[in-house]
Structure formats: C-alpha cells, structure tokens
Amino acid sequence: MANRSPLTTSILLTCAAIGVATGVVGGIAGWITPIVLATAPIVYGFVLGAHVIPGIISQALIRQPWVALITHVLAALAASAIAPQWAFRFLGTAVLFGGIQELVAAATRYRVWNTWRYFISAVIIGVIVAVVVAFAAHLTTLPLWAQITYLVLAVLGPVVWTAIALAIGVGLRRAGITPRVRR
C-alpha cells in the first residue's frame, strides 16, 4: 500500500484560506510600496516584513511540514491578482520566506512549536531583507541616522509581523479552527 500524504484536503483548504486572506494583505502592501519608497524609504523593510504572515499563521495553526511554503505560494498568487505588477517578486518572496520558515521548522523535525522558534525565522528573514534591500535601495546615499533606522526597522518588521501572525494563528487554534491531521 502506498504511503498517504499527511497533507489532507482539509489542511490544503486551510492553507488556501489563509493564503487568500493574507494575500490580500500582501497585495495591499504591493500597492503602497511605491508610496512608501517615494515618501519614507527607510520603512520599506518594515512593510516588506508583512510577507512573513502566511507561513506563521499556517504553522501556528496546523503544525505540519510544508504548510508554510504552500500557504506562502497561495498568498503570493492571491496578492498577484491584486497587484500584478509585483507578481514575480511576490512569488520569489513566498519561496524565500516560506522556505526559511520551513527550514527552521525542519531543523526541529517539526516537533518544536514554541514561540521562540517562529522568531528565529523572523530574525533570519529580517537580516536578509535588511541586506538585500539596502543594496537595492542604495542605502549608502542616505544619512547615517536613516541607514541605522532602516536596518533596525528591516529586522524589526518581520519580528513584529511574526508576533501579529502568531497571535492570529494561536487564536484560531484556541478557537478550534484546526484541520484534521493524519498521523
């Protein structure tokens, strides 16, 4: 008999629901990105950090392998429908952020779901966002105070958004909104 995937229909539908809901957030972030870059570029990393939300909610709620990556990709597709000009960036961010969240969960063999574990992936993502966007935004052209503020906000963004997403995921779990998981 073939092994059955632990990704049941109810898990996939839950990932889809989270993906669509958080994709709307991502799409809105996509539309405000040019405004942020034109008026307050130092907060761009903080805004970009909102893209951690899908994977954190799904991992906090479902606690299974692959749910972060699946939810991120579905969120990217939903966000692309709202802000199609960012479609490839949404998908790239989904694979990067979802992949990091999956790797951190895999490092604990998907057995540790303590709060600190979510924040490890948030800090890793924050550092990557800070470095990548610093090069793309020509951070060295800004005054020193703006460079420091940018770096702090870029690392802090994913951490803050992770705390918000974790609260949502844990709240849904406590409310009994969990799919059946095959063991």
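How do the residues of the lining of the largest pocket divide into nonpolar, polar and charged? They split into 15 nonpolar, four polar and one charged. Here Ala, Val, Leu, Ile, Met, Phe, Trp, Tyr, Cys and Pro count as nonpolar, Asp, Glu, Lys and Arg as charged, and the others, Gly among them, as polar.

**Before you start**

This is a predicted model: local features need pLDDT of at least 70, side-chain atom pairs count only at pLDDT 80 or more, and totals for chains, interfaces and linings use all residues. Residues are numbered from 1 along each chain as its sequence is written, and side-chain values use heavy atoms, without hydrogens and water.

**Stop 1: the largest pocket**

Select Tyr44, Leu48, Arg89, Thr93 and Val133. Of the 20 lining residues, these are the closest to the pocket's centre. The volume is about 430 Å³. A pocket is an open set of points on a 1 Å grid over the protein atoms alone, with protein on both sides within 12 Å along at least five of seven lines; lining residues have an atom within 4 Å of a point. Points are joined across faces, edges and corners, and a volume is the space filled by probe spheres set on them. Now colour α1, α2 (44-48), α5 and α6 (115-136): each supplies at least two lining residues. Helices are DSSP runs (H or I, at least four residues), numbered from the N terminus.

**Stop 2: the largest cavity**

Next, select His51, Pro54, His72, Ala75 and Ala76. They are the closest to the centre of the largest cavity, among 15 lining residues. Its volume is about 120 Å³. A cavity is a set of grid points where a 1.4 Å probe fits but cannot get out. The lining has nine nonpolar, six polar and no charged residues. α1 (9-39), α3 (53-62), α4 (67-82) and α5 (87-107) each give at least two of them.

**Stop 3: α3 against α4**

Show α3 and α4. Their axes come within 8 Å and cross at roughly 140°. Axes are lines fitted to C-alpha atoms over the stretch in contact, and angles run from 0 to 180 degrees between N-to-C directions. The pair is therefore oblique: not under 35, over 145 or 65 to 115 degrees. Pro54, Gly55, Ser58, Gln59 and Ile62 in α3 meet Val67, Ala68, Thr71, His72 and Ala75 in α4, with contact meaning heavy atoms within 4.5 Å.

**Stop 4: α1 against α3**

Finish with α1 and α3. They pack at about 150°, axes 9 Å apart. That makes α1 roughly antiparallel to α3. Select Ile11, Thr14, Cys15, Ile18, Thr22 and Val25 of α1. They touch Ile53, Pro54, Ile57, Ser58, Leu61 and Ile62 of α3.
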